Amino acid sequence: MKFDHPIFQRLRAGCLTVVVLLMLGCLLRPLEAPTWQQVQSGQPEFNLAGLEGALGQGILVSTLGGFRAIMADFLWIQANTVWEKRERAKFDSMLRLVTTIDPRPLFFWIHSARMIAYDVPHWRIREEGGYRAVPDSRQAEIDREQAEQAFALIRRALEFHPDHPHLYLEIGQIYLNRLDDPEQAAPWFLRASEQANAPYYAARIYAELLRRQGKNPQALEYLQGLYHRLPDHDPRAQKMIILERIRELEELLGVKGESQFKPQLMPDTKFIH
Amino acid sequence: MSFQSPRRIRLIAGNTFLEAVRQRFFNSVLLIALALIASSTFFQQFDFGSSELKFIADFGFGALFFFGSILAITVTTQLFFNEMENRTALTMLAKPVHKFDFLAGKLLGVQLLMLAFTSLLSLVLLGILFWRETGLMGQMGPDAFSEGRMVRYMDILTFGFLQWLKFGLLSAVTLFVASFSNTNIYTIIVSFCILVVCQLQYIAREAYADMAPGPARLLVQGLGLIFPNFQLFNVGDQLLLTSQEGLPAVTVLQISLYACVYIVAFLLLAHLSFRRREI
């Protein structure tokens with residue numbers, strides 16, 4: 001067989017193309033690497049740790065591009081229709097699909113987590129015969145299972161929005177309101193309060209949870225520190241309420257006289273005894 | 001016969017552009033894309049997560065990417081194979097026109113077409129965003145816009161420019177596929193597959209970073225090097241709003257250089273493949 005046969009010619013051309021493109025890729029790497037780093041840093045969906053998630057996300061980014069926002073919106077409406085019909089399996093996959101298509105809006109993550117943690121347990125208990133028929137232990141087990149699913153979803157959300165206080169708050173709220181577990185809830189409110197742009201109430205709830213657990217000295221110490229950290233002129237900071245709680249705790253703990261907390265008073269601030 | 005005549009390339013490009021503009025396909029895609037961008041304010045009522053301006057911008061960027069990619073691949077293929085099927089390529093290449101001039105002219109013509117498409121869509125998007133932002137300024141009062149306008153309008157043009165370069169690269173890849181392919185349907189399918197691979201190759205690269213050394217790792221690493229990284233052009237999320245840190249000018253320049261080098265490389269590869277081809 002001669003080596004100038006069309007098959008060999010094609011093979012040679014193919015190999016040459018691959019070699020040229022490989023060399024070009026290597027040559028352009030020093031140009032591409034810093035650029036890619038810059039582009040990647042601005043887009044959380046390019047920074048997924050898990051390959052599985054990255055694959056799904058990558059395919060959707062490549063195929064839908066900017067249309068993923070509207071696609072996710074329409075699927076969210078459809079998910080709500082499924083929610084009304086209480087089709088649990090379909091509902092779960094719809095929520096996963098919406099958050100995969102567009103992980104940017106916090107709305108999808110938070111509302112999905114709430115539906116999973118607060119609504120689905122009711123459906124499951126009703127499916128098993130209703131609140132009177134299902135024993136408390138089983139109800140608690142269902143609550144726990146659903147809460148775990150919601151936590152998994154929020155953990156995925158945190159991959160995209162690692163600094164967002166509302167995601168930490170949501171985990172805390174589920175522990176507190178659904179599982180009635182202030183001990184597990186407290187650290188999440190603390191983490192929420194430590195994030196940039198955290199709402200002031202996150203820290204107040206953390207202190208309140210310490211108090212509920214009977215950790216009054218820790219609650220007092222935390223509130224005293226918090227009082228100094230909060231701004232004086234922002235009414236949302238509710239410094240007067242913090243001071244009220246400090247006084248209540250001091251009374252409970254028997255802190256009197258010189259040991260009492262002395263706030264740096266602003267001229268228009270009343271001192272509460 | 002002189003090689004690479006700018007005049008001949010310009011003439012072929014001009015004719016290619018005129019031929020492409022007259023195509024029904026181009027006009028239909030352009031109209032659909034424009035209508036979609038214009039209707040983004042209607043679709044905004046279904047939005048749950050993003051701000052209105054961000055949604056409109058995303059929608060516009062999406063239309064630009066989606067329809068632009070379809071157009072770049074399909075028009076390049078159609079224009080190339082029209083010349084083959086109508087035997088006009090034969091007439092043209094019988095004259096003192098080098099095959100490289102023919103390919104470069106075709107690519108330049110398509111690029112002119114894509115420039116018209118990208119500019120038009122970017123300007124319509126810019127107009128809609130300006131109109132909606134002005135409306136929001138009226139509704140929300142001056143306090144909400146105390147630091148001036150929220151949208152960086154130049155960024156829309158920057159995004160349009162980068163997309164145009166990406167379409168150029170996509171057209172060059174399509175031209176390269178067309179140079180050895182016998183049918184236009186094969187060229188279109190293969191080019192779309194390459195587009196998807198180029199969009200996803202960053203995942204392969206990140207995967208090989210965690211793989212154990214061996215043939216599989218080498219293969220994935222090689223694939224990451226062979227295909228250009230199209231996600232470099234996906235900068236829409238970083239642009240536009242003043243609340244976000246914009247894309248540095250150096251990065252825009254680097255992306256442009258990256259695209260230009262690949263466009264030239266694929267054009268030369270297309271020439272290498274096309275010069276032996278019997279027409």
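In this predicted model, chain B and chain A bury about 4300 Å² between them, and carbon and sulfur atoms account for 69% of that area. Counted by residue, the contact takes in 50 residues of chain B and 46 residues of chain A.

As for charged pairs, just 1 salt bridge turns up across the interface of chain B and chain A. It links B:D58 with A:R104, whose closest N and O atoms sit 2.9 Å apart. Polar contacts between chain B and chain A come to 4 residue pairs, with both partners at pLDDT 80 or more.

On the side of chain B that touches chain A, the elements giving two or more residues are α4 (52-85), α7 (153-180), α8 (184-209), α9 (215-226) and α10 (249-274) of chain B. Of these, α10(B) chips in the largest share, with 11 residues. Sorted by type, the residues on this side of chain B split into 32 nonpolar, 13 polar and 5 charged.

Turning to chain A on its own, there are 11 helices and 0 strands, so read along the sequence the pattern is simply α-α-α-α-α-α-α-α-α-α-α. Chain A has 273 residues, and 46% of them are buried. If one looks at contacts in chain A between residues at least 6 apart in sequence, 55% join residues at least 24 apart. As for its surface, chain A exposes about 14600 Å², with 56% of that supplied by carbon and sulfur atoms.

Key. Residues numbered from 1 in each chain as written. Chains lettered and ligands numbered in written order. Predicted model: local features only at pLDDT ≥ 70, side-chain atom pairs only at ≥ 80, totals over all residues. Heavy atoms only, no water. Contact = heavy atoms within 4.5 Å. Buried area = accessible area lost by both parts, 1.4 Å probe. Salt bridge = Lys/Arg side-chain N within 4 Å of Asp/Glu carboxyl O. Polar contact = N/O pair within 3.5 Å; in protein donor to acceptor, adjacent residues only side chain to side chain. Helix = DSSP H or I, 4+ residues; strand = E, 2+ residues; numbered from the N terminus. Nonpolar A, V, L, I, M, F, W, Y, C, P; charged D, E, K, R; others polar. Buried < 20%, exposed > 50% of the residue type's maximum accessible area, 1.4 Å probe, protein only. Areas by Shrake-Rupley, 256 points an atom, 1.4 Å probe, with all protein chains shown as cover.
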